[in-house]
Structures are given as C-alpha cells and as structure tokens.
Amino acid sequence: MVAKKMVKALFGLAMSAVLLAGCGGQQSADVIKLGANLEMTGGNATFGGSASNGAKLAIKQVNEKGGVLGKKLDLVVADNKSEAAEAANAMQKLITQDKVVAVIAPIASSSVIAGAQVNADNQVLAISPTASNPKVTVDPATGKVRDFLFRAAFIDPFQGSVMANFATKSLKGKTAALYIDNSSDYAKGLGQFFKETFEKNGGKIVAEEAYLAKDTDFKATLTKIKAANPDVLFVPGYYQEVGMIIKQARELGLMMPVLGGDGWDSAKLPEIAGADALNNTFFANHYSPDDNSPAIKDFVEAYKKEYGQVPDAFAALSYDATMMVIEAIKRANSTDPVAIKDALAKTKDYQAVSGLITLNETHDAVKSAVIIEMKDGKQTFKEKINP
C-alpha cells in the first residue's frame with residue numbers, strides 16, 4: 001500500500017510539472033527565451049540566415065555584459081521554410097512548446113500575417129525585422145492595430161514613394177513599367193504605392209505585368225514591356241526571381257534603369273543576375289554598411305569578426321529588432337509577455353544600427369531609408385531619404 005501511495009504521489013508531481021510546463025511564457029530561473037521564426041530554408045533562405053546571425057549577435061553581446069534582469073538570454077530558432085503556412089506552425093511551436101516570451105517574426109509580410117492570430121490568441125508579441133506591408137500591423141478587415149505585432153522597418157507606402165520620387169526626380173523618368181510578384185503581399189503593396197506616387201509626380205505607367213514566385217522564364221513578358229519602352233522598370237520582388245528577371249531583361253536589350261525594394265538585398269543577387277547586368281539598378285534599403293555613422297561602424301566590425309562577412313540589411317534589422325525587445329524587457333522589468341509588449345509599444349528615439357527608431361501608433365518604425373546602387377555586382381551607398 002505504501003508503495004502504491006508513493007507511486008500515486010510521484011505521478012501527481014509529474015503531472016503537475018507537465019501542466020506547469022504548458023503555461024505560456026514560463027521561463028527557467030536563470031534563462032529568458034526569445035524565439036526567431038525565420039526563413040532558414042526555401043526561396044528566402046539568405047534572408048533568414050542573415051536575420052538569425054543578427055539576432056544571435058545581439059544576444060551574445062547582451063549576455064557578455066551580464067544578460068537582462070540577472071538572467072541570460074537564449075534564442076530558439078524555428079525554420080518557416082519561406083512558406084506562410086509553415087510560418088504559422090513555427091509561431092505556434094515557439095510560443096506553446098518552447099515557451100518564448102517574444103518572437104523575432106518572419107522576414108516576409110505574408111508569413112508574419114499568417115501567424116498573426118497565433119500571437120493574438122497567446123498574447124505574445126512578434127516583431128518583424130523587415131516585413132513592410134501595412135497589413136502586418138493593421139488588420140484590413142477591422143482597421144484595427146494588431147496588438148501583438150510590430151516591425152523594425154519602414155512600411156511600403158514610404159518605401160514605394162521613396163523609389164517613385166527617386167525615379168522621377170533623380171533619374172528624370174517620365175514613364176515606368178511595373179513587373180510585380182503577384183503571389184507576394186510585399187511586392188503588390190510596393191507596386192501600388194510606387195504607382196500612386198509616380199503618377200502624382202506627373203509620370204505615366206505604360207505597362208503593368210505580373211509573375212509568380214518560383215517562375216523562371218520571364219522573357220515573353222519582358223518582350224511586352226520592351227515594346228512599351230518605359231524610362232524605368234520597377235520590380236519590387238525578392239532576389240531569386242529579381243535576379244533572373246534582370247538577367248533576362250538585359251539579354252533582351254532592356255537597358256533602362258531597374259528599380260526595386262529591400263527584397264533585393266542578398267549576396268545571391270549578383271550570382272543570379274550577373275554583375276554587369278546589375279549595373280544601372282537601384283533599390284531602397286534600411287541601411288548601408290558604407291554609412292559612416294558610429295553605430296553602423298561598430299555593428300559592421302562586430303558582425304565581420306563574428307561571421308567573416310559584411311552584414312546585409314536583414315542582419316542589421318534583426319539585430320535592431322532583437323535589441324528593441326531586450327530594451328523592452330528592461331523597461332518592463334519583467335518577463336511577462338504582455339508587459340514586454342506594452343513596453344515595446346512605447347519605443348521612442350531608440351538609437352538602432354539602422355537609424356533612430358520611434359514606433360508610431362500602428363507599431364511601425366518611423367525612420368530613414370537609403371538608396372543602394374549596384375556597381376559591378378557590389379552595393380554602393382547612393383543617398384539617404386528621411387521620413
């Protein structure tokens with residue numbers, strides 16, 4: 001009988017432990033877990049790799065200085081495979097199984113949106129380094145701010161207008177063609193805002209064409225665009241397809257300036273397009289490693305020491321997003337996910353690597369943008385645009 005009672009008691013203790021482990025946001029006594037829901041494989045894998053490195057560097061530096069609230073930070077990375085459905089699953093795993101108190105959200109806007117309900121249901125924030133579609137932080141169905149979603153990036157209306165202004169004012173373009181990834185909320189948003197600003201500036205859109213992610217042959221559509229003879233071509237997609245589009249465009253004799261957004265930022269772009277084909281191309285980005293600001297110099301030096309390469313914007317913004325969460329934990333003086341969310345929402349004039357960041361009422365970063373010009377396969381700093 002005694003033995004049976006002991007077995008029952010031990011079973012009861014074990015079940016209690018399991019139940020406690022199922023509570024959201026539970027942390028061990030000496031560790032604070034942060035999650036990262038990133039594109040580690042699939043079409044946007046270079047983005048996820050850079051973002052993971054940036055987040056890890058931030059956590060390493062903070063841990064070397066003693067951590068936060070007397071605890072060390074631990075990063076749990078989940079691979080969303082560059083797919084929206086997988087991003088929702090990864091968010092669920094990080095929050096309910098790994099028990100993280102906050103998440104570095106996916107790079108792609110559609111993937112952040114796919115996991116939005118998971119964040120809301122579990123009341124754990126996610127902050128995307130780069131997702132720039134307005135629907136990431138504001139639900140278009142209700143018009144209300146998504147309480148648990150944030151971003152460290154400027155949004156598409158700003159990025160699209162920056163490139164349209166650059167096209168009309170710096171490049172003196174009077175006509176433009178749009179070639180949009182119709183499977184991407186990010187690309188469609190950028191295309192919309194570029195078009196609005198370009199036409200507002202007196203320009204004319206002479207062609208609007210679409211492709212889908214993972215397409216490889218663009219020549220038939222590019223031939224139609226060539227017939228429209230635009231002054232500039234705007235291709236706001238991701239580097240994999242953009243590289244092939246630019247390569248095939250140049251092969252067909254389309255030599256006009258080609259413009260895009262931050263989805264171009266990958267070391268793979270010159271490999272896919274070819275260095276020569278990328279001459280006379282420009283894209284909006286969040287930072288340039290060639291910028292002389294002290295924050296950027298220190299970050300680039302630390303990143304190169306850690307990983308042996310120059311950090312791209314995805315690394316810089318993921319570093320910024322991670323540091324913003326860490327600062328929110330400090331201000332909240334708590335590991336409670338809701339308290340961290342409330343503190344993050346109050347971020348103002350935070351000196352990040354990518355510039356001075358203030359989160360506005362819709363949880364979007366108000367900050368500057370830079371124009372990058374590709375020269376012989378290398379990124380060069382062109383100009384900075386303030387909000």
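Here is a walk through a predicted model, from its two domains down to single residues.

Let's start with the big picture. The chain splits into two domains. Domain 1 is made of residues 32-154 plus 291-367, while domain 2 covers 157-285. If you take the C-alpha centre of each domain, the two points lie 28 Å apart. In the contact between them, domain 1 takes part with 19 residues and domain 2 with 16 residues.

How much area do domain 1 and domain 2 bury between them? It comes to about 1,400 Å², and 57% of that is on carbon and sulfur atoms. On the domain 1 side, three residues stand out: Thr46, Phe47 and Phe154 supply 33% of the area that domain 1 buries against domain 2, more than any other three residues. Keep Phe47 and Phe154 in mind, as both names come back below.

Now for charges. Side chains of opposite charge can pair when their charged atoms come close. The whole structure holds 14 salt bridges, and the count between domain 1 and domain 2 is one. Have a look at Lys135 and Asp185: they form a salt bridge whose closest N and O atoms are 3.7 Å apart. Lys135 lies in the loop between β4 (126-128) and β5 (149-151), and Asp185 lies in helix α7 (residues 185-200), so this pair ties together parts that are 50 residues apart in sequence. Is each partner buried or partly exposed? Lys135 is partly exposed, because its relative accessible area is 31%. Asp185 has 18%, which is under the 20% limit, so Asp185 counts as buried.

Another salt bridge spans a stretch of 213 residues. Here Arg151, in strand β5, meets Asp364, which sits in the loop between β12 (355-359) and β13 (365-366). Their side chains come to 2.7 Å, N to O. Both Arg151 and Asp364 are buried.

For a pair with nearby sequence numbers, turn to Lys93 and Asp98, whose side chains meet in a salt bridge at 2.6 Å, N to O. With 14% relative accessibility, Asp98 counts as buried, whereas Lys93, at 32%, is partly exposed.

Salt bridges can also join up into a network, and Asp147, Lys341 and Asp342 are linked in this way. Lys341 has something else going on too: its charged end sits over the ring of Phe148, 4.9 Å from the ring's centre.

That brings us to the rings. There are 16 aromatic pairs in the model. One of them joins Phe154 and Phe158, with 5.4 Å from centre to centre and 75° between the planes. What kind of pair is that? It is edge-to-face, because planes over 60 degrees apart are put in that group. Phe154, which you met at the domain contact, is buried at just 1% relative accessibility. Phe158 is buried as well, with a relative accessible area of 19%.

Tyr287 and Phe299 make another pair of this kind: their ring centres are 6.4 Å apart and their planes are at 70°, so the pair is edge-to-face. Tyr287 belongs to the loop between β10 (281-285) and α11 (294-307), and Phe299 belongs to helix α11, 12 residues apart. Both residues are buried. Rings can gather in bigger groups too: Phe47, Tyr186, Tyr238, Tyr239 and Phe314 form one aromatic cluster. Phe47 is also among the three residues named for the domain 1 side of the contact.

Last stop: a single residue, Val62. You'll find Val62 in helix α2 (residues 45-64). Val62 counts as buried because its relative accessibility is 8%. Which residues does Val62 touch, not counting residues up to four places away in sequence? They are Gly67, Val68, Leu73, Met323 and Ile326. Take Leu73 from that list: Val62 and Leu73 are 11 residues apart along the chain, and their C-alpha atoms are separated by 7.9 Å.

Methods:
Residues numbered from 1 in each chain as written. Predicted model: local features only at pLDDT ≥ 70, side-chain atom pairs only at ≥ 80, totals over all residues. Heavy atoms only, no water. Phe/Tyr/Trp six-rings, centres within 6.5 Å; stacked < 30°, edge-to-face > 60°. Buried < 20%, exposed > 50% of the residue type's maximum accessible area, 1.4 Å probe, protein only. Helix = DSSP H or I, 4+ residues; strand = E, 2+ residues; numbered from the N terminus. Lys NZ or Arg CZ within 6 Å of the ring centre and 35° of its normal. Domains from an automatic or database assignment. Contact = heavy atoms within 4.5 Å. Buried area = accessible area lost by both parts, 1.4 Å probe. Salt bridge = Lys/Arg side-chain N within 4 Å of Asp/Glu carboxyl O.
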